[in-house]
Amino acid sequence: MKTEFVKIDFKKPIAEQLTLPAKILSEGGLVAFPTETVYGLGGNALDAGAASKIYRAKGRPSDNPLIVHIARPADAEKYAYTSELYEKLARAFMPGPLTVVLPKKENIPFSVTGGLQTVGIRCPGDPVARELIRLAGVPVAAPSANVSGRPSPTAASHVRDDLNGRIDCIIDGGEAEVGLESTIVKVEGDHLVLLRPGAITPEMLKNVCENVVLDNGILDKLPEGTAPQAPGMKYRHYAPRARVYLVRNGRADVSDFDERAILFFRRKLEENSSVGILGYDEYLPYLTGNHIYSLGAKDDELAHSHHLFDCLRRFDETDVTEIYAVVGKTSGIGLALYNRMLKASAYTVIYI
Ligand code: TXA
Ligand code: MG
């Protein structure tokens, strides 16, 4: 299959550049598009055939449900049973990096929801994504636009590396701003269950709903035989080829953590030449090696999220066999970052 490329020129009107991709979507084809979180692989959410094409292109198990993307928060009620709490969340955080799981209506096929009676609804913050959905005239089912098991794509080049020749079209709208997938919450009566942390943090959610519960599996490995509520969270995700070890502070005194981390990384680099390091800008002058990458300046948490998946992909292009990665605060968006890093490391944490 030949994949069409559409590079958005932000100096020109967006709608006319999206004519071809919108037509492909409305005719049952697959289009990768930018969102503020990660790139999505979109197909018509009302078309069971488009959903199976998505699973095939990604090599994804079909019991893992797809998120349905809409152009306006109010469109949710066409596809799901909304509630007062949904309205509150929509007013506070949509368009934006939040997915809300609600009971589905009949028009959403079970192949989209992986057989579940619920559907994840999201109105993306990226104007290119919203304009594409509006022009296609259909809701857009979209998982992240990576081959299953690879880090989510935060740039069109990542999508091209994974899916060129397997889908109809890739829209290049620049780098994804957030860099981590959306926060997913499930509405259960008057409370929210956080199924996947993201840029809409637990602290932000608590401003809208006092009752926010973290699903098991966000911070801990689930016991054998139990399933998380978001089926996708059970797969080993975001996994680079090398073994990943997370390096976290294990002492009461955090004030000298950076010195200890630098010493730890230096020792690992001396021991083995195929070691990769994922640290902060401030560490770079003290470390020598071929595969030392930075998440950004130490205090710039938004930069860390923005860079994580790109760094993991860059490691994949090298021959490193072990990656040691620094972990910072786990509050705010730090919780989402830590959750993704835990998965990439298969929950391997070294306390120093
Ligand atoms: O930021 C995002 O959410 C990106 C962009 C493209 O919008 N999409 C994304 O999709 O990350 P995906 O398929 O890679 O991850 C969707 C997650 C999976 O873990 C899936 O199990 C969960 O959402 N999910 C979807 N529908 C659900 C439902 N009805 N109930 C529980 N979990 C659901
Ligand atoms: Mg994904």
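Trainee: What makes β12 (residues 243–248) and β15 (residues 322–326) a strand pair?

Mentor: This is a predicted model, and the bridges come from its atoms. 5 bridges join β12 to β15. A pair needs at least two bridges, so the two strands qualify. They run parallel. Tyr-245 shows one link: its bridge partner in β15 is Tyr-324.

Trainee: Which sheet holds these strands, and what is its order?

Mentor: An open sheet of 5 strands, in the order β14-β13-β15-β12-β16, with parallel pairing.

Trainee: Why are β14 (292–294) and β16 (349–351) called edge strands?

Mentor: Each of them pairs on one side only. From one strand to the next, the twist averages 25 degrees.

Trainee: What packs on this sheet?

Mentor: Helix α12 (residues 334–344). It touches β12, β15 and β16. Its direction makes about 140 degrees with that of β12.

Trainee: What about the sheet of 11 strands: what is its order, and how is it paired?

Mentor: The order is β1-β8-β2-β3-β7-β4-β6-β5-β9-β10-β11. The sheet is open and the pairing is mixed. The edge strands are β1 (4–7) and β11 (212–214), each pairing on one side only. Here the twist averages 30 degrees from one strand to the next.

Trainee: How do you know that β4 (residues 67–69) and β6 (residues 118–122) pair?

Mentor: Count the bridges: 3 join them. The threshold is at least two, so β4 and β6 pair. Their run is parallel. His-69 stands opposite Arg-122 in β6.

Trainee: How many bridges join β9 to β5, and how many join β9 to β10?

Mentor: 4 bridges join β5 to β9, and these strands run parallel. Thr-99 stands opposite Ile-184 in β9. 5 bridges join β9 to β10, which run antiparallel. There, Val-187 has Leu-192 in β10 as its bridge partner.

Trainee: Which residue takes a positive phi in the hairpin of β9 and β10?

Mentor: Gly-189, with phi near 60 degrees. The hairpin has 2 residues between its strands.

Trainee: Why is β9 called largely enclosed by the rest of the structure?

Mentor: Buried means under 20% relative accessible area. 5 of the 6 residues of β9 are buried, so the strand is largely enclosed.

Trainee: Which helix lies across β9 and its neighbours in the list β5, β6 and β10?

Mentor: Helix α5 (residues 84–93) lies across β5 (98–103), β6, β9 (183–188) and β10 (191–196). It runs at about 165 degrees to β5.

Trainee: Why is α2 (residues 19–26) called oblique to α7 (residues 127–136)?

Mentor: Their axes come within 8 Å and cross at roughly 55 degrees. Roughly parallel needs an angle under 35 degrees, and roughly perpendicular starts at 65. The value of 55 fits neither class, so α2 is oblique to α7. The crossing is right-handed.

Trainee: Which residues meet there, and how do they divide by type?

Mentor: Pro-21, Ala-22, Leu-25 and Ser-26 in α2 meet Leu-132, Leu-135 and Ala-136 in α7. The count is 6 nonpolar, 1 polar and no charged.

Trainee: Is Asp-63 buried, partly exposed or exposed, and how do you know?

Mentor: Its relative accessible area is 35%. Buried is under 20% and exposed is over 50%, so Asp-63 is partly exposed. Asp-63 lies in the loop between α3 (48–58) and β4. The C-alpha atoms of Asp-63 and Phe-110 are separated by 9.7 Å, with the two residues 47 apart along the chain.

Terms used:
Residues are numbered from 1 along each chain as its sequence is written. Chains are lettered from A and ligands numbered from 1 in the order in which they are written. This is a predicted model: local features need pLDDT of at least 70, side-chain atom pairs count only at pLDDT 80 or more; totals for chains, interfaces and linings use all residues. Side-chain values use heavy atoms; hydrogens and water are left out. Axes are lines fitted to C-alpha atoms, for helices over the stretch in contact, and angles run from 0 to 180 degrees between N-to-C directions. Contact means heavy atoms within 4.5 Å. Angles under 35 degrees count as roughly parallel, over 145 as roughly antiparallel, 65 to 115 as roughly perpendicular and the rest as oblique. A crossing is left-handed if the near helix is turned anticlockwise from the far one by less than a right angle, and right-handed if clockwise. Ala, Val, Leu, Ile, Met, Phe, Trp, Tyr, Cys and Pro count as nonpolar, Asp, Glu, Lys and Arg as charged, and the others, Gly among them, as polar. Buried means under 20% relative accessible area, exposed over 50%, partly exposed in between (1.4 Å probe, protein chains only).
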